[in-house]
Amino acid sequence: MQKIIVPLDVADESAAIALIEQLEEVTFFKVGLELFTSSGPKIIEALKSRQKKIFLDLKFHDIPNTVKGACRSAARYGVDLLTIHATAGKDALKAATDGLALGAAQAGVEPPKLIAITLLTSISSRQLAFDLKVPVELPEYALQMALLAKESGLDGAVCSPQEVAKLRDVCGKDFLFVCPGVRPSWADKGDQKRTFTPAQALQAGADYLVIGRPITAADEPRLAWKKICQELSVNS
């Protein structure tokens, strides 16, 4: 299933390699902040040597000049997707795209697709209003962040599957949407507040689904992966 991205949310390179080898049929993996901080680019090299696609999910959020430099460096890894928080602002988002183009040209690789974080899927409507003091309804806030990303020249956005249908209608068919917070009906939701099943998320307009703990925390990850793929094939 080409649309499923499996996150390597583990502490170190050896644990990541063990998981990759258990899930040899998976073609797309996500490397997040914990693993990249632990292993650095070695895990990128390990994935590329196995011909895997890579979502480098570092969620950059800084001043424009720093973001530009970080994206220039990240582009050289030759990954497929890279994230930045939309709340970094338009100047930082544009600087990020410039940095990616520069780094990719210097390394002779294709630049990754740059996608914006609209709002973390662990944040509820109540938390947005009361903890973050944002006086906008959550779906409208996610939409505004996606539009900011599109206007700034980004390739897509990360959003909850519950918001993706509306965002797809407004942003158009060529804007890429990656949806975490996807949980099969038989899986525990954990700390995700705004979830859909894999079939619901794809039907709503997601391009890629990030499915982690239902697979990686399962007693038999490969069987959990196959179960999700089978459910999607039945619903397709």
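In this predicted model, Ile117 stands opposite Val158 of strand β6, and this pair belongs to the place where strand β5, residues 113-117, runs beside strand β6, residues 156-158, in a parallel pairing of three bridges. The two strands are part of a wider arrangement, a barrel closed by eight strands in the order β1-β2-β3-β4-β5-β6-β7-β8, with parallel pairing. Within this sheet, neighbouring strands are turned against each other by 25 degrees on average, when direction is ignored.

Elsewhere in the barrel, strand β3, which covers residues 53-60, pairs with β4 in the parallel sense, again over three bridges, and here Leu56 is the residue that stands opposite Leu82 in β4. Strand β4 itself spans residues 81-85, and because five of its five residues are buried, the strand is largely enclosed by the rest of the structure. In a regular strand, side chains alternate between the two faces of the sheet. For β4, Leu81, Thr83 and His85 point one way, whereas Leu82 and Ile84 point the other way, and all of these residues are buried.

The helices can be followed in a similar manner, since two packed helices are described by the angle between their axes and by the distance between those axes. Helix α1, residues 13-22, packs with helix α3, residues 42-49, at an angle of about 20 degrees, and their axes lie 10 Å apart. With angles under 35 degrees counted as roughly parallel, α1 is therefore roughly parallel to α3. The crossing of α1 past α3 is right-handed. On the α1 side the contact is made by Glu13, Ala16, Ile17 and Ile20, which meet Lys42, Ile43, Ala46 and Leu47 of α3; the residues of this contact comprise six nonpolar and two charged ones, with no polar residue.

A second helix pair is formed by α4, residues 64-75, and α5, residues 90-107, whose axes come within 7 Å and cross at roughly 30 degrees. That angle makes α4 roughly parallel to α5, and α4 passes α5 in a right-handed crossing. From α4, the residues Pro64, Val67, Lys68, Cys71, Arg72 and Ala75 take part, and they meet a set of α5 residues including Asp91, Ala92, Ala95, Ala96, Asp98, Gly99, Leu100 and Leu102. Taken over both helices, the residues of the contact of α4 with α5 divide into ten nonpolar, three polar and four charged.

Key: Residues numbered from 1 in each chain as written. Predicted model: local features only at pLDDT ≥ 70, side-chain atom pairs only at ≥ 80, totals over all residues. Heavy atoms only, no water. Axes fitted to C-alpha atoms, helices over the stretch in contact; angles between N-to-C directions. Helix = DSSP H or I, 4+ residues; strand = E, 2+ residues; numbered from the N terminus. Parallel < 35°, antiparallel > 145°, perpendicular 65-115°, else oblique. Left-handed = near helix turned anticlockwise from the far one by under 90°. Contact = heavy atoms within 4.5 Å. Nonpolar A, V, L, I, M, F, W, Y, C, P; charged D, E, K, R; others polar. Pairing = 2+ DSSP bridges. Buried < 20%, exposed > 50% of the residue type's maximum accessible area, 1.4 Å probe, protein only.
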